[in-house]
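The following exercises concern chain interfaces and a metal site. Each task is followed by a solution that proceeds step by step.

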Amino acid sequence: MTRSTPGRATGLVNNAVYQKGVKIDSPATLAGTFATLAAHPDAIAWIGLYRPSADELAELADEFGLHELAIEDAVHAHQRPKIERYGDTLFMVLKAAHYIDATESVEFGELHVFSGSNFVITVRHAESPDLSVVRKRMETTPGAFDEGAEAILYAILDAVVDGYGPVVEGVANDVDEIETQVFDGDAAVSRRIYELNREVIEFERAVSPLIGIIDTLSSGFADGYVGDILQQYLRDVADHVVQAKERVEEFRLLLRDILAVNTSLVAQRQSEEAQALSAASNRQAEETRKISGWAAILFAPTLIAGIYGMNFKVMPELHWMLGYPFALGLMLVGSLILYLVFKRKGWL
Amino acid sequence: MTRSTPGRATGLVNNAVYQKGVKIDSPATLAGTFATLAAHPDAIAWIGLYRPSADELAELADEFGLHELAIEDAVHAHQRPKIERYGDTLFMVLKAAHYIDATESVEFGELHVFSGSNFVITVRHAESPDLSVVRKRMETTPGAFDEGAEAILYAILDAVVDGYGPVVEGVANDVDEIETQVFDGDAAVSRRIYELNREVIEFERAVSPLIGIIDTLSSGFADGYVGDILQQYLRDVADHVVQAKERVEEFRLLLRDILAVNTSLVAQRQSEEAQALSAASNRQAEETRKISGWAAILFAPTLIAGIYGMNFKVMPELHWMLGYPFALGLMLVGSLILYLVFKRKGWL
Amino acid sequence: MTRSTPGRATGLVNNAVYQKGVKIDSPATLAGTFATLAAHPDAIAWIGLYRPSADELAELADEFGLHELAIEDAVHAHQRPKIERYGDTLFMVLKAAHYIDATESVEFGELHVFSGSNFVITVRHAESPDLSVVRKRMETTPGAFDEGAEAILYAILDAVVDGYGPVVEGVANDVDEIETQVFDGDAAVSRRIYELNREVIEFERAVSPLIGIIDTLSSGFADGYVGDILQQYLRDVADHVVQAKERVEEFRLLLRDILAVNTSLVAQRQSEEAQALSAASNRQAEETRKISGWAAILFAPTLIAGIYGMNFKVMPELHWMLGYPFALGLMLVGSLILYLVFKRKGWL
Amino acid sequence: MTRSTPGRATGLVNNAVYQKGVKIDSPATLAGTFATLAAHPDAIAWIGLYRPSADELAELADEFGLHELAIEDAVHAHQRPKIERYGDTLFMVLKAAHYIDATESVEFGELHVFSGSNFVITVRHAESPDLSVVRKRMETTPGAFDEGAEAILYAILDAVVDGYGPVVEGVANDVDEIETQVFDGDAAVSRRIYELNREVIEFERAVSPLIGIIDTLSSGFADGYVGDILQQYLRDVADHVVQAKERVEEFRLLLRDILAVNTSLVAQRQSEEAQALSAASNRQAEETRKISGWAAILFAPTLIAGIYGMNFKVMPELHWMLGYPFALGLMLVGSLILYLVFKRKGWL
Amino acid sequence: MTRSTPGRATGLVNNAVYQKGVKIDSPATLAGTFATLAAHPDAIAWIGLYRPSADELAELADEFGLHELAIEDAVHAHQRPKIERYGDTLFMVLKAAHYIDATESVEFGELHVFSGSNFVITVRHAESPDLSVVRKRMETTPGAFDEGAEAILYAILDAVVDGYGPVVEGVANDVDEIETQVFDGDAAVSRRIYELNREVIEFERAVSPLIGIIDTLSSGFADGYVGDILQQYLRDVADHVVQAKERVEEFRLLLRDILAVNTSLVAQRQSEEAQALSAASNRQAEETRKISGWAAILFAPTLIAGIYGMNFKVMPELHWMLGYPFALGLMLVGSLILYLVFKRKGWL
Ligand SMILES: [Mg+2]
Ligand SMILES: [Mg+2]
Ligand SMILES: [Mg+2]
Ligand SMILES: [Mg+2]
Ligand SMILES: [Mg+2]
Ligand SMILES: [Mg+2]
Ligand SMILES: [Mg+2]
Ligand SMILES: [Mg+2]
Ligand SMILES: [Mg+2]
Ligand SMILES: [Mg+2]
Ligand SMILES: [Mg+2]
Ligand SMILES: [Mg+2]
Ligand SMILES: [Mg+2]
Ligand SMILES: [Mg+2]
Ligand SMILES: [Mg+2]
Ligand SMILES: [Mg+2]
Ligand SMILES: [Mg+2]
Ligand SMILES: [Mg+2]
Ligand SMILES: [Mg+2]
Ligand SMILES: [Mg+2]
Ligand SMILES: [Mg+2]
Ligand SMILES: [Mg+2]
Ligand SMILES: [Mg+2]
Ligand SMILES: [Mg+2]
Ligand SMILES: [Mg+2]
Ligand SMILES: [Mg+2]
Ligand SMILES: [Mg+2]
Ligand SMILES: [Mg+2]
Ligand SMILES: [Mg+2]
Ligand SMILES: [Mg+2]
Ligand SMILES: [Mg+2]
């Protein structure tokens, strides 16, 4: 493995050393950071990296004694949220979430955090979460760095969890929209339900492990000590995680129920179609009867006309004075009788 | 943050200081309350607020040492029911529930309670719950304030939980109505089931955390001591919570089952429609056969009439004496034969 | 609250004082019972009440120090099965169950039991359970009262749980009937499944808490001591409760499955109807073709007759010697040709 | 209760006394067994009964101090698998299972086992399980009886659990068959799925309690001691139980899924039928149009023939030399025009 | 049982003895291995077998004191993943998994591992997993054998779990394909969902027990000691197992949901078919009306022609000069009137 030359420009995006809550240095290289730390034993470095190269990670591992397995995870990314303690260092994986309403999807930004007594290394693999906001807030809050690495870990965790709020609200909003869509009979809703549900499942996988992570943090940071005040702040984060988790579980229930309701409604509509078809079929049968009746009624005079059109020599009626009106009368009477018969039978 | 001037009129809706179970003062301002408390070390204040401003909360936080995180929650509202201990103070979130039968919905009134050794602050964000009733009952019950803040917490909790009873009854009633509707074949029921279910899920989220909250209260109030008597009263509340929770779970089961039954019934009706359609189709086919048969029967004399209407010079029948009756007879016989043939074939 | 005059006739339905397993008194009033107990310090009273008035409960509470909350529950009824210890007294709620095969419903008889070192008070709110049988069996069994109140509690619990057996058998029988009904294609079965399921859920709510109740009883009765022998008997009751509970869970599974199967079968029948409809429609189309074919075959001679019925002066055929037979032959041949054409096309 | 005369022939089917792993006696009566045991304090009796009478059980209870409640269970049968310790004796209920492929059902043989320091009593209520095989294997294995009653209990448990293997295989085979049937579109499969599922549920109820039973056995047999070696053998049985349980759970999942798939497939077929029906209906509509078109085409010459069949004195065409061919031409041309019109309209 | 002659060629596929991390011998026979081990007390043997004969297993059991029950399991194969400790030896069953995309199925290779202080025996029953890769990597990594048998166990476990990754990816890919297929309306997808789900269930059964297995390993290997470093590596494996397990659970959820969505979509399509059918039926009814109307319109001139074709002596119109045009006019007018009537009634 080729080491990157110390001092060479790196994927380092944000880097500072703090002492007694004051930023004392912002080295441009990792080597610079190591030097500053060596010179100030009570200082703490917060090194922010964006998609670092394997070489940069190796350099950090070498300096701070980071564990090979943690480095392996940080290189591979696609980890589940977790916390691991390797001797004096902690390795934490978080998933920041961002809701994109246009595609109704949750986008995740994986964040890896290494921490020890005098350093916190944050490794981002996506644009979000934007840790510069967190860093700025801490730098402008007096005493924010007093608890050392633990305080930084808390601030990061808090920022990530605060970011879940808009996701929860976005999904809640979509669930409401889906309800309207379902009851409006929109056929495309099944797909939307399924896809939102898939996002929710993925979000649940990001949120759920955090309760255990906070527990582990609470029961002792890297140096085996977490101040009472920080404990309360961690409990607050835990409360927000539980809140998010409860909502997510509610979404899962609602989406499952709404899919069932949709299936029920589709069946209902189908049942109504079948009823309509049945009614139409009955109407059609009635019409066929009516048409047949009229055909028969019209047929009667035709037959009579046919009969008196026969060329028999001996057909007395043909010689009657009133033979013709008689024939016409016969046609009328025949048709009338048929009409009355069909009327009585309810065909007309 | 601008502090509100002490003594200025506030969102304070109910405010009293009690000593040995007797109301000794009802100050119009928070500042007045603080003064009375300072003058009577064994007194206890119950401060009732309705949608307080951030300034009022800050004033209280300042006086009673309320934790910043609890204040943040109280400002934001939309919290889940929970209890948090911050040093000597407790912060409790409850959700009073109210059932509106007209819209078949559960309305929630979020209630935040801060308590310490000599104060209880209740912060309402909605009209309900009406704590003045609770306060009146305590004021008129001898010894009601003997256990201090704990007794007030119990009374509030009891009132909130007692309020769940009508909700449970209302939902139970709706479930019964829904059953009738389902078995009456009302098509609109799917939506009602879903929406009631959604209310029930929300209600469950209000009720469920109370068991843990009562546990925490039981295992020691702010001053680390809960009298035996109060313990029994808390157990009574817990029993009522469990009762509500059990009913809610039952509702969830019933609503899920009734939706499944509804889908089954819709399918059943659909199947019956299909059967009806099939039967109608068969009836129609029969009628078509019958009509066709009669058409053929009527057609026979027409053909014979046509034949004897032909103008051939040499057509012996035309010269027969009885040619005409013969033709008529032929028509009758032809029709009769066809009638018998179709009768035998079952077409008529 | 007006006290009932001591000695006045009450809702007391069964009342006796036992000493060393022998019934020494059956006082007609509560006051008489209190007097007998006072005179015999090692005696035990079993007071059986049926829907007692608030006054009677107050009199008992006063004498035996029953807790206000327990009394409140006993007055309100509609409690879930539970056990509560208030100082030296126990309060237990049980639900006896009775299966009514005609309506396929489970009827519950709520039973409240108060017990202390020298008394057991049983309060019934329904006809069942019939405790006189339990009392008689204990009175005729030597040593049955040796363990005091605990033995009576066991006997009541055993009677209630033994009563669950027939309920389980009744439901099992109905489930079997439902299976037959489902596979016989009876459309009304959805409702029956749902309603039986509802009864089963309610029954489950009666049975489930008993495991916890027996646990509490086992780990120490009112006087903090349960003999080894009684422990074994309680374990036997617990075993029967578990047995009932397991069956109930099985019923829930089976009823859920059978509903799913029913929906599947209904869909299956629907699919078969659709197939039948499709077949009928095809048959009908064939018949229409056949009828149309015959109409065309019959039409040919009509047209020929029409043609030779025309009155043109110059129509050579009309003057042919064999014009008439020629026309008839033409009719026959025309029809035959059409018949063969349609036959070949498969229309006839 | 009349005691059976000692020495009278009983429902005793297999009875032997062992000492240091050797069969020292096979008494024909229970009394004989008791005598042999009394004469050899370090011997152990294995008494095998098949549907014993109440008297026989009472005789054994009397001799070995069996508990009344265990006897009650053994008389009633229909117990769930369980283990109970009554003082120095153990009472164990097992359910041997047998798969009958013809009826696709699981048949259970309930087995009750009483054991103490010097006896094991096995009570069968069904033909299976065949314990004589177990007994034979133990008699021919050196040292098999060294652990006393515990070794016999292990051997029985092992035999029962080994018997679950073929059941699991039989059900697995049926599940495979059902899959084929479902995808072949066999309509009868819903019933088969349901009924097999019912058997699986019942089998699960036989298998599940065994894990707890083995735990209880492992943590101390009747004499409070289980050798290390036996522990390992029990763990092996437990492993086989877990294996059976896992498969059973898998079957439940698969059967639930396959039912859902079947419903989906039925709906699919229904959808295809509906499509076929729709297509047929369209074809039929087309044919109706075609037939109507031909009817109109044939009708044209009829009308013309009718017109020239009229008897008006003044009809010039009738006197034309070529009137007749003209009429025939008119018929042809009229039909042709109609033919072309209908052809263009797509009716033919 | 006939022992295989020591020194005879066996099913031994890979066999080596290591000392201080260096391979000191690769004996061709088991006997050779035993001899080398006896000569080097601090050496460790890794014996790789492929479908060994019962004799070979017996030889190993004899030499290393392997337990009869473990041997039984190794002979029978078809075990669930598990770990068992028999005195100083461990017996572990693992299932390597391989995804075959062509058949969309997971293939399992059962692997049995025996280990003691100075040996690891790996028994394969399938081609995979290929342990030679693992062995090679360890042989080329300095210090890889320093932790003895435990290090080998870890390496095997790691290789098996690493092999789950591609399975998870393959299934994930298929789930995505299935989603596309479902929303494209492919009818065959139900079967694919079910079959993939079945594979996933089986895979879950391979993965799930590993968490317990790693726990057992972590809390002490055969010699009751696991180094800190190995612990961390085991935790890494555990993390990967959890990751696989979570994905598998996600797949199960998604496949269940997608089946429900598919059923919903099929119902939707069915509903649309029913609507189409209904529309077609209405169109057909309209056409029938139109055709009937035209039939009646055409019929009018026919009747008139028939009437004037009658042979009555006295029919004034026949003698009119303009009788013929009058008749033609009558035909036209009659048809026109009918046309207008039907037009107004909406039949045409
Ligand atoms: Mg989307
Ligand atoms: Mg996403
Ligand atoms: Mg936050
Ligand atoms: Mg915050
Ligand atoms: Mg949206
Ligand atoms: Mg998406
Ligand atoms: Mg908060
Ligand atoms: Mg609503
Ligand atoms: Mg609401
Ligand atoms: Mg209350
Ligand atoms: Mg109350
Ligand atoms: Mg209502
Ligand atoms: Mg109560
Ligand atoms: Mg009923
Ligand atoms: Mg009932
Ligand atoms: Mg009993
Ligand atoms: Mg009994
Ligand atoms: Mg019945
Ligand atoms: Mg029993
Ligand atoms: Mg069967
Ligand atoms: Mg069976
Ligand atoms: Mg076995
Ligand atoms: Mg075995
Ligand atoms: Mg079979
Ligand atoms: Mg085994
Ligand atoms: Mg496959
Ligand atoms: Mg497979
Ligand atoms: Mg690995
Ligand atoms: Mg690795
Ligand atoms: Mg694929
Ligand atoms: Mg890793």
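**Exercise 1. A salt bridge and its interface**

Task: state which residue of chain A forms a salt bridge with Arg80(B), and describe the interface of chain B and chain A.

Step 1. Arg80(B) is joined to Glu246(A) by a salt bridge, with 3.0 Å between the closest N and O atoms. The term denotes a side-chain nitrogen of Lys or Arg within 4 Å of a carboxyl oxygen of Asp or Glu. Across the interface of chain B and chain A, nine salt bridges are found by this rule.

Step 2. The model is predicted: local features need pLDDT of at least 70, side-chain atom pairs count only at pLDDT 80 or more, and totals for chains, interfaces and linings use all residues. Residues are numbered from 1 along each chain as its sequence is written, chains are lettered from A and ligands numbered from 1 in the order in which they are written, and side-chain values use heavy atoms, with hydrogens and water left out.

Step 3. Contact (heavy atoms within 4.5 Å) involves 57 residues of chain B and 55 residues of chain A. The buried area, that is, the accessible area (1.4 Å probe) that two parts lose on being put together, summed over both, is about 5,000 Å² between chain B and chain A, and carbon and sulfur atoms give 57% of it. In chain B, the residues that lose the most area to chain A are Arg80(B), Tyr194(B) and Tyr324(B), together 16% of what that side buries.

**Exercise 2. The interface of chain E and chain D**

Task: give the extent of the interface of chain E and chain D, and say which helix supplies the largest share of the side of chain E that touches chain D.

Step 1. Chain E contributes 57 residues to the contact and chain D contributes 55 residues. The area buried between chain E and chain D is about 4,900 Å², with 57% on carbon and sulfur atoms. Arg80(E), Tyr194(E) and Tyr324(E) supply 16% of the area that chain E buries against chain D, more than any other three residues.

Step 2. The rule yields nine salt bridges across the interface of chain E and chain D. In one of them, Arg205(E) meets Glu250(D) at 3.1 Å, N to O.

Step 3. Helices (DSSP runs of H or I, at least four residues) and strands (runs of E, at least two) are numbered from the N terminus. Elements that each supply at least two residues of the side of chain E that touches chain D include α7 (189-207), α9 (228-307) and β4 (82-86) of chain E. The largest share, 22 residues, comes from α9(E).

**Exercise 3. The magnesium ion**

Task: which protein atoms are the donors of the magnesium ion (ligand 31)?

Step 1. Donors are N, O and S atoms within 2.8 Å of the metal (3.2 Å for Na, K and Ca); water is not among the atoms, so sites may look incomplete. The protein donors of the ion are Asp73(A) (OD), Asp236(E) (OD) and His240(E) (NE2), at 2.1 to 2.3 Å.

Step 2. The pair crosses between chains, from Asp73(A) in helix α3 (residues 68-76) of chain A to Asp236(E) in helix α9 of chain E.

Step 3. Buried means under 20% relative accessible area, exposed over 50%, and partly exposed in between (1.4 Å probe, protein chains only). Asp73(A) is buried at 1%, and Asp236(E) is buried at 3%.
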